[in-house]
Amino acid sequence: MHYAYPPRKSSNPPPFLPRSSRIPRIRRIHLRPIALLALAVIGLIWLFSGGSKHSKHRTISGKPPVVLVTVFDDRNDNSVYIKNIKENRVQYAEKHGYGTLLVKASDYDLNGSPSSWAKVVAMRHAITKYPDCKYMWYLDQNAFIMNPHLKVEDYVMGASNLETNMLKDLPVVPPDSIIKTFSHLKGNDVEFVLSQDKEGLAAGSFVIKNGEWAKFFLDTWFDPLYRSYNFQKAETHALEHIVQWHPTILSKLAIVPQHLINAYSSNAHGAQYKDGDIAVVFAHCSNTGDKSCAKEAERFSQQWRTSFSRA
């Protein structure tokens, strides 16, 4: 038995007809007041939610020009040594009109992470405390500022000096990282300055330019994901990771010769301090014993005081 085929569809369908709607059309004359009312409501919500306070285009006055940040280790109970370090920071800051943030690692809740992570939180704290500062210089506890005549905003962060000193097309992590510093970076584009030692990036002394990028960078660095990785060198290895794999960060980074901001008291681990350098860092010193930081500092303590008294 054969069944009839269904009727074929017409090859000339009727023109498209819009769906009917029971909602009456809003006349064009009513659209403008409705739009204005919606904009007004959005504006009020933004205003009362504090949106204007968090504008990304906020102008930074540059006062103070620099904030000097140091985090102190709670495990070091040598009060004379700690007092010496604090006096060094305060005298240098007062000479140049800088702000200071001298804190203890225990001031911050690191949620079980190594105390060395406190430097990242302290730098974020500095932005909150000094929102109009232009730069933040982090310098480890175990270091002295030696040259009181050098100003961070000029000596380190001055655009012409940066273009002279920055190491371009350099493996970020020595000796053979395939990720290299940008070869075309200009001094005015730099927002983050640090150096390398014989082992990699040297995070004992670095400078960051205040602004939205700084907040983004510090928040990225302190991300719980990186802290959960349990890197051997904690925040330093986390920094090496994000610098190599985040172009947004690498594009603002300048690596400079170590003596410029982070010279060591001996050449065992990196470039050795020479007279005239801005600072000396007691790398790999201990809290006690013959190689204690306090003993290492004795070699430079009188020198920095003499230099400052003559400045």
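**Exercise 1. A residue with an unusual backbone angle**

Task: Find where D169 is located in this predicted model, and decide whether D169 is buried, partly exposed or exposed.

Solution:
- Step 1. Start with the position: D169 sits in the loop that links α5 and β5.
- Step 2. Look at the accessible area. Its relative value for D169 is 46%. Buried would need under 20%, and exposed would need over 50%.
- Step 3. The value lies in between, so D169 is partly exposed.
- Step 4. Now turn to the backbone. The phi angle of D169 is near 55°, which is positive although the residue is not a glycine. Most residues other than glycine have a negative phi.

**Exercise 2. A second positive phi**

Task: What is the phi of A234, in which helix is A234 placed, and is A234 buried or exposed?

Solution:
- Step 1. Phi of A234 is near 45°, again a positive value in a residue other than glycine.
- Step 2. A234 belongs to helix α8, which covers residues 234–245.
- Step 3. The relative accessible area of A234 is 8%. The cut-off for buried is under 20%, so A234 is buried.

**Exercise 3. Cis peptide bonds**

Task: Which peptide bond leading to P64 is cis, and which one leading to P175 is cis? Where do these prolines lie?

Solution:
- Step 1. Remember the background: most peptide bonds are trans.
- Step 2. The bond from K63 to P64 is cis, and its omega is near 0°. P64 is placed in the loop between α1 (28–48) and β1.
- Step 3. The bond from P174 to P175 is also cis, with omega near 5°. P175 is in the loop between α5 (159–165) and β5.

**Exercise 4. Reading the sheet**

Task: In what order do the six strands of the open sheet stand, and which strands are at the edges?

Solution:
- Step 1. The order of the strands is β2-β1-β3-β6-β5-β7, and the pairing is mixed.
- Step 2. Strands β2 (99–104) and β7 are the edges, since each of them pairs on one side only.
- Step 3. How are neighbours turned? On average, neighbouring strands of this sheet make an angle of 20° with each other, direction ignored.

**Exercise 5. Strand β6 and its partners**

Task: How does β6 pair with β3 and with β5, and why can β6 be called largely enclosed?

Solution:
- Step 1. Take β3 (residues 135–139) to begin with. This strand runs antiparallel to β6 (residues 201–209), and five bridges join them. Y135 has K209 of β6 as its bridge partner.
- Step 2. Go to the other partner. β5 (residues 192–196) pairs with β6 over four bridges, in the antiparallel sense. Here V193 stands opposite V207 of β6.
- Step 3. Follow the chain from β5 to β6. The two strands form a hairpin with four residues between them, and G200 in the turn has a positive phi of about 150°.
- Step 4. Finally, check burial. Eight of the nine residues of β6 are buried, so the rest of the structure largely encloses this strand.

**Exercise 6. Two helices side by side**

Task: At what angle do α3 and α6 pack, and which residues make the contact?

Solution:
- Step 1. Place α3 (residues 118–129): this helix lies across β1 (66–72), β2, β3 and β6, and runs at about 145° to β1.
- Step 2. The angle between α3 and α6 (residues 212–221) is about 155°, and their axes are 9 Å apart.
- Step 3. Angles over 145 degrees count as roughly antiparallel, and therefore α3 and α6 are roughly antiparallel to each other.
- Step 4. The crossing of α3 past α6 is left-handed.
- Step 5. From α3, the contact uses V120, M123, R124 and I127; from α6, A214, K215, L218, D219 and W221.

**Exercise 7. Nonpolar cores**

Task: How many residues does the largest nonpolar core have, and which helix gives the most to this core?

Solution:
- Step 1. The largest nonpolar core has 46 residues. W137 and V193 are among those with the most contacts inside it.
- Step 2. Helix α10 (residues 293–310) gives the most, namely six residues.
- Step 3. Another core, of 43 residues, lies apart from this one; F217 and I255 are among its members.
- Step 4. Zoom in on W137. Its contacts include Y92, V152, F206 and I278.

Terms used: Residues numbered from 1 in each chain as written. Predicted model: local features only at pLDDT ≥ 70, side-chain atom pairs only at ≥ 80, totals over all residues. Heavy atoms only, no water. Core = buried A, V, L, I, M, F, W, Y, C linked by side-chain atoms within 4.5 Å. Buried < 20%, exposed > 50% of the residue type's maximum accessible area, 1.4 Å probe, protein only. Contact = heavy atoms within 4.5 Å. Pairing = 2+ DSSP bridges. Axes fitted to C-alpha atoms, helices over the stretch in contact; angles between N-to-C directions. Parallel < 35°, antiparallel > 145°, perpendicular 65-115°, else oblique. Left-handed = near helix turned anticlockwise from the far one by under 90°. Lists of a residue's contacts leave out its neighbours within four places in sequence.
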